[in-house]
Amino acid sequence: MLEKLFQLRAHGTTVKREVVAGFTTFLTMAYIVVVNPSILSSTGMDFGAVFVATCLAAVIGTLIMGLWANYPIALAPGMGLNAFFSFTVVGSMGYSWEVALGAVFLSGFLFFLLSIFKVREWIINSIPLSLRFGISAGIGFFLALIAFKNAGVVVDHPATLVGLGDVKSQEAILFFAGFAVICALSFRQVTGAVMIGIILITAVAMALGLVQYDGLMSAPPSLAPTFMQLDIAGALNIGMISVVFAFLFVDLFDTSGTLIGAAQRGGLLDKDGKLPRLGRALMSDSVATMSGAALGTSTTTSYIESTAGIAAGGRTGLTAVVVALLFLACLLFSPIASVIPPYATAPALLYVAVLMTAGLKLIDWDDVTDAAPAVVTALMMPLTFSIADGIALGFITYATLKALSGRWSDLNVSVVLIAVIFVLKFIFLE
């Protein structure tokens, strides 16, 4: 049955190899079941319900990817967009988390339509590489700021906006220790480095009496506080256009980049260098996002950590099915997730931030019309506490500089249109 379903021989793999790959991928991304509830609960969402929604969204998305698209790619609520959801859409813009979930659902629905009508390639190819790198780096800087804030290392200051917190506090010391452990283990290529760092710092905090141990396993918390609580009508407010666009835009490029990168690593591209069943893979992602919003979590997306499982030999959807089953088993470990403090998850945020800013090295720094928009995009995300505003200002800067420099060949209809829409938004909606 497994051979017929996943075509193991055709992909040069075995059941044992796929299972090992599934465990490897899971260990590298399991931190999300702890980090995501910690971030989203800051909006007033029930921690236990978000924990369950996170696990189930990962299960649903990863199963669809494995069984329908037959790819060893795992999905879960994405880092960066969960912070944008909590700290910008709800925290800064003042929308309810129900409306924010509605925006996530709408972005998933638009992603689904783009996949069905096959215009995704046109959109992806029309966005300049410099802006893509700037967006990725900006999300990294955004996560880094949140990490330092959660650990008390960066605090607000009436004169300078931000200042240095108490770096001698136990929480700050544990944060820096956790980050050092994660980076060192990652350099040594230890599987599950992020999760090990989180658990280690939590254990030290318990030993110091900073948190209390509440048990290892229990029945899953109730999903009722977040299940089907999304407010789609509220998300249709004209002021939410940029938010829906940001959710869609980042998910589209995250997913596409992850799929192509993972396929290249696993030799899954066809003879023309294209990804077979790309439509199914993208639709799996969009369905997972809509399902996750209905359950009560932010955008669900494909995880680049899947390449760890591919490196371990995973080549088919059986790897993804194993990951999905492990996320399902996580439902029994909610007591552990609920006691992990913010300064134990903050090192994971900072580590992910480091990975996301790596794209800056690919920018053409000799061409200021490429470099400047990327820098504006990257810096404005943390400085405005908004991924959407960073994207908007990046597009406006790119279109303006290219036009004033006479580089008309670098512009296309989609970039100009998006820039104009953002200009109109700032004029009439701000």
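1. In this predicted model, threonine 43 counts as buried because its relative accessibility is 14%, which falls under the 20% cut-off used for that term. The residue is found in the loop between helix 3 (32–40) and helix 4 (47–69).

2. The side chain of threonine 43 also has a polar partner to consider, since one of its polar atoms lies 3.5 Å from the backbone nitrogen of methionine 45. Leaving aside residues up to four places away in sequence, threonine 43 touches Phe85, Ser86, Val90 and Trp97.

3. A second threonine, at position 88, is found in helix 5 (residues 81–92), and with a relative accessible area of 2% threonine 88 is likewise buried. When residues up to four places away in sequence are not counted, the residues that threonine 88 touches are Ala83, Met93, Phe142, Phe385 and Ser386.

4. Phenylalanine 85, one of the residues touched by threonine 43, has contacts that include Leu40, Met45, Trp97, Leu101, Phe247 and Ser298, again not counting residues up to four places away in sequence. Phe85 is also listed, together with Phe84 and Ile391, as having the most contacts inside the largest nonpolar core, which has 106 residues. To this core helix 17 (residues 342–356) gives the most, with 10 residues.

5. Another core, of 19 residues, lies apart from the largest one, and among its members are Met65, Tyr71, Leu114 and Ala263.

Technical notes. Residues are numbered from 1 along each chain as its sequence is written. This is a predicted model: local features need pLDDT of at least 70, side-chain atom pairs count only at pLDDT 80 or more; totals for chains, interfaces and linings use all residues. Side-chain values use heavy atoms; hydrogens and water are left out. Helices (H or I, at least four residues) and strands (E, at least two) are DSSP runs, numbered from the N terminus. Buried means under 20% relative accessible area, exposed over 50%, partly exposed in between (1.4 Å probe, protein chains only). A polar contact is a pair of N or O atoms within 3.5 Å; within protein, one must be able to donate a hydrogen and the other to accept it, and residues adjacent in sequence count only if both atoms are side-chain atoms. Contact means heavy atoms within 4.5 Å. A nonpolar core is a set of buried Ala, Val, Leu, Ile, Met, Phe, Trp, Tyr and Cys residues joined through side-chain atoms within 4.5 Å.
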